[in-house]
Amino acid sequence: MNSRFAQPDPTLTAGAKRQGFTVISVQPIPELEGCGYLMRHDATGARLAWVACDDTNRSFAISFKTPPADDTGVFHILEHSVLCGSERFPVKEPFVNLIKTSMNTFLNAMTFPDKTMYPVASTNVKDLENLMDVYLDAVLRPNIYTRPRIFEQEGWHYELEGEGTDERLTYNGVVFNEMKGALSDPDDMLIQRINAQMFPSTAYGHESGGNPRAIPTLTYEQFLDNHARHYSLSNSYTILYGDLDIDRELAFVGKRFDKAPDRGAGAPNPLERQEPVCPEPIQVTMATAPENALVGLAFGAGDATDRTRALAMEILFDALMGSNEAPLKRALLARDMGSDVVGFSMDGQLQLMALFELKGAKPKMADAFEEAVRSECARLVREGIPRESLEASIASATFNLREGDWGYYPTGIALSIQAMSSWLYDDERPFDFLGYEDALATVTAMVEDGGFERLLAEVVCDSAHNARVELVPVREGDAADEAAELAQRLETMDDAERTAVREEVAALREEQERADDPADLARLPRLALSDIGEMREYPQPELVEGALPCYHHDLETHRIAYVYHYFDMSCLDWEDLPYATVLAKVLGKLGTASHTATELDTYLERNLGSFASFAEMHIFPYGGLRRGREHALRERRGGGQRHPGGPDHHGPQ
């Protein structure tokens, strides 16, 4: 290891005091050629972790444990609302203005089923501190206490449309409308109802993003109470990542922690484990197209804080359901119960869950689907899961973990989300999900000793915690119920109430359209040209001559070799170009003269970290037709690298 962060800093041992923080523990993370430092802020008890490594794309994230107690989506509304101005930065949209002079590589906020996270990243230290400054003031001292209309704007409010007999009462609000869109997706609706069945006594039984039928029951007073109880430093988790002067950043963060208000509120909502349940199967209706009929079958799969088990579940489901040629998926598709079958494990919350989903379900197939899943899993336990499938999935997982390509997310942000998969549930374990070599060694041994068959038997065949939900398309759904509810409410409103609604909407519009005070805008920190420094130079590719000329790029790739082969398509006629795209899509998915489709699928996964083909066409010199290489490269991702977030991850405003 060449990183200066690979060995623990001798001045940051357990018990050391730095800038108002005490070091609790230190853990080498060889996979990152770095170390993890767990600390506590002495004055407030705020948790802080630093993932020290050579990465200059540095990041910061502050999170709060926010398990919902109902379906009002209060934490999703708070996620939006705290970013609408704060005590030191009282402009309406501070980040819209801040990014005009920022070099950020990531800036967002996210609501998960049990936490709310505010992460930022930048390659420029001053820029990162500017973003940290505004974010910390936003979450700790937001203007929601002095500007009630932020709640109306981001959450919900009444509006009156029309006049006389055409008068109509409606709901409006950013989160209300966002969740109407989100829960109009049948897959999202199915998972929401499965969670309610699987975890009825815990926070996971509620829709953290908010159910549009419940959002209008949230009051402004409840909204403020939830902020006061949950957005306290004693309920916070801060993660610093990358090549940082830790004394400088601890002093920067500590200064703002010291000035955070103590609102004297009650305790945050509890986050508890669900005892095993097996509720009766339910059928839910949804206004959607007939082809969107779904059946979901879920199984409790253990504790998500178990890093090895979480990885083993990902590998198991990739081996069984990762492609149409995977043994379990192939057997289920052969029964012709619907248009497709998918299966995956869900982590990132306190308890793991395995989910099988029948898409485009034929009528009255719920019983048959459950029987098929259970019987085919029992068969695989008896006969054994094909060894080559497990080895291929382990190879794919190994590649993905070592490559560390998180796509949209900078590495520091992705790892900060990963860290919360253990830290949120155990104060002493922030770094469990940042390493993986020990877990890979354990799951590799499971192939030899029947560990994956035992895991499948435990999770599915011998399950004491499972649920089934069938989603049946209908012509009308919640929209009709909502309209009837609003019509009834309108009938009970007198003239004064109706006038009050119209006046409040007008006041909200006026506030939204009012320009920010220039003096308030001037408070926002700005990145000056002098803060930017010199541009980083990257090595240029070397042309290697030979029978097959190639360019060689000398870049750090975590010991992974990337090879691209290009073929000239200028020999094709115009009318043949669409077939080139089709050919690119099927390469690697269809059988060949020497391999069946199943053999080829396994061979590629065992021997290559990733395989993709694409047709890329440049027809016009300034744009024009260009096919999606990036999509093709992302098509084949095996187990071991899940997308951070999960089904209730609500993103940018």
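This note goes through a predicted model of a protein, from its overall dimensions to two of its residues.

1. Overall size. The protein has 653 residues and a radius of gyration of 27 Å. A compact globule with that number of residues would have a value near 26 Å, so the protein agrees with that expectation. Along the principal axes, the C-alpha atoms fill a box of roughly 80 × 65 × 60 Å.

2. Secondary structure and contacts. The chain forms 21 helices and 18 strands. Of the contacts with a separation of 6 or more, 77% are between residues 24 or more positions apart.

3. Surface and burial. Buried residues account for 50% of the 653 residues. The exposed area of the protein is about 30,600 Å², and 51% of that area is supplied by carbon and sulfur atoms.

4. Charges. There are 62 positive and 105 negative side chains in the protein. The centres of these two sets lie 2 Å apart.

5. Nonpolar cores. In soluble globular proteins, nonpolar side chains tend to be buried together. Here the largest nonpolar core has 115 residues, and Met39, Trp50, Phe60, Tyr118 and Phe223 have the most contacts inside it. Helix 3, which covers residues 125–140, gives the most to this core, with nine residues. A second core is separate from it and has 48 residues, including Leu328, Leu352, Ala354 and Leu455.

6. Leucine 218. This residue sits in the loop between helix 6 (186–198) and helix 7 (220–230). Is leucine 218 buried or exposed? Its relative accessible area is 3%, which is under the 20% cut-off, so leucine 218 counts as buried. Leaving aside residues up to four places away in sequence, leucine 218 touches Thr72, Val74, Ile77, Phe151, Trp156 and Phe223. Among these, Phe223 was named above for its contacts inside the largest nonpolar core. Leucine 218 and leucine 456 are 238 residues apart in sequence, and their C-alpha atoms are 42 Å apart in space.

7. Glutamate 249. This residue belongs to helix 8, which spans residues 246–258. Glutamate counts as a negative side chain, yet glutamate 249 has a relative accessible area of 1% and is buried. Which residues does glutamate 249 touch, not counting those up to four places away in sequence? They are Val125, Glu129, Met132, Leu240 and Leu244. A student can look for these five names around glutamate 249 in the model.

Conventions. Residues numbered from 1 in each chain as written. Predicted model: local features only at pLDDT ≥ 70, side-chain atom pairs only at ≥ 80, totals over all residues. Heavy atoms only, no water. Helix = DSSP H or I, 4+ residues; strand = E, 2+ residues; numbered from the N terminus. Rg over C-alpha atoms; globule rule 2.2 N^0.38 Å. Buried < 20%, exposed > 50% of the residue type's maximum accessible area, 1.4 Å probe, protein only. Contact = heavy atoms within 4.5 Å. Areas by Shrake-Rupley, 256 points an atom, 1.4 Å probe, with all protein chains shown as cover. Charge placed at Lys NZ, Arg CZ, Asp CG, Glu CD. Core = buried A, V, L, I, M, F, W, Y, C linked by side-chain atoms within 4.5 Å.
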